[in-house]
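I opened my notebook today to practise reading a protein model. Here is what I looked up, step by step.

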Amino acid sequence: MKNILGGEVSYVRLPPEDNYEGFVTDMFAPEYFTVVTLRVKKYLLDEMRENFEDYASILHDEDADYVRIRVRVGINRKFYLWLMQYGDGVELVSPAKERAEYLEEVRKMLRAYPEFAE
């Protein structure tokens with residue numbers, strides 16, 4: 001911490017925080033918003049409720065170990081990568097377009113490990 005010199009002070013203001021109309025995974029604006037249905041293992045329910053806050057509703061699933069969550073989310077690649085952190089604990093059930101896009105992201109990840117391809 002030697003020879004530290006002071007510089008000019010910046011008075012630039014940060015832009016106001018965007019108020020999004022759904023759950024957003026990071027600071028970058030999503031491409032669009034839509035309602036998705038997730039099938040979630042119950043041990044993740046508290047974490048999902050904390051993440052999604054008021055954007056989600058929780059529904060029963062036919063399997064007692066799961067719940068379904070309908071949530072309005074911002075869709076972009078970061079959402080799919082965020083979802084991957086939960087592994088097999090979360091399934092993106094619908095809509096079909098977003099399910100297919102998510103599956104393609106999973107396939108991209110698997111292609112990085114060809115020795116484990118089935």
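These entries go from the whole chain to two patches on its surface.

**Entry 1, the outline.** I reminded myself that this is a predicted model. I looked up the secondary structure and found three helices and four strands. Following the sequence, I wrote down the order as β-α-β-β-α-β-α.

**Entry 2, inside and outside.** How much of the chain is buried? I noted that 33% of the 118 residues are buried. The accessible surface of the chain is about 9000 Å², and carbon and sulfur atoms hold 53% of that area.

**Entry 3, contacts.** I then turned to contacts with a separation of 6 or more. Of these, 64% are made by residues 24 or more positions apart in the chain.

**Entry 4, a charged patch.** Which residues gather in a patch of negative charge on the surface? I listed Asp46, Glu47, Glu50, Glu53 and Asp54. I picked Glu53 to follow up, and placed it in the loop that runs between helix 1 (45-52) and strand 2 (56-60). Glu53 counts as exposed because its relative accessible area is 57%, and the cut-off for exposed is over 50%.

**Entry 5, a nonpolar patch.** My last stop was a nonpolar surface patch of about 470 Å². Met109, Leu110, Tyr113 and Phe116 make it up. I found Met109 in helix 3, which covers residues 96-111. Is Met109 exposed, partly exposed or buried? With a relative accessible area of 43%, Met109 is partly exposed, since that class lies between the 20% and 50% cut-offs.

Terms used
Residues are numbered from 1 along each chain as its sequence is written. This is a predicted model: local features need pLDDT of at least 70, side-chain atom pairs count only at pLDDT 80 or more; totals for chains, interfaces and linings use all residues. Side-chain values use heavy atoms; hydrogens and water are left out. Patches are made of residues with over 30% relative accessible area and no salt bridge: like charges are joined within 9 Å, nonpolar side chains (Val, Leu, Ile, Met, Phe, Trp, Tyr) within 5 Å. Accessible areas come from the Shrake-Rupley method with a 1.4 Å probe; for residues, only the protein chains shown count as cover. A salt bridge is a side-chain nitrogen of Lys or Arg within 4 Å of a carboxyl oxygen of Asp or Glu. Lys and Arg count as positive and Asp and Glu as negative; His and the chain ends are not counted. The place of a charge is taken as NZ of Lys, CZ of Arg, CG of Asp or CD of Glu. Helices (H or I, at least four residues) and strands (E, at least two) are DSSP runs, numbered from the N terminus. Buried means under 20% relative accessible area, exposed over 50%, partly exposed in between (1.4 Å probe, protein chains only). Contact means heavy atoms within 4.5 Å.
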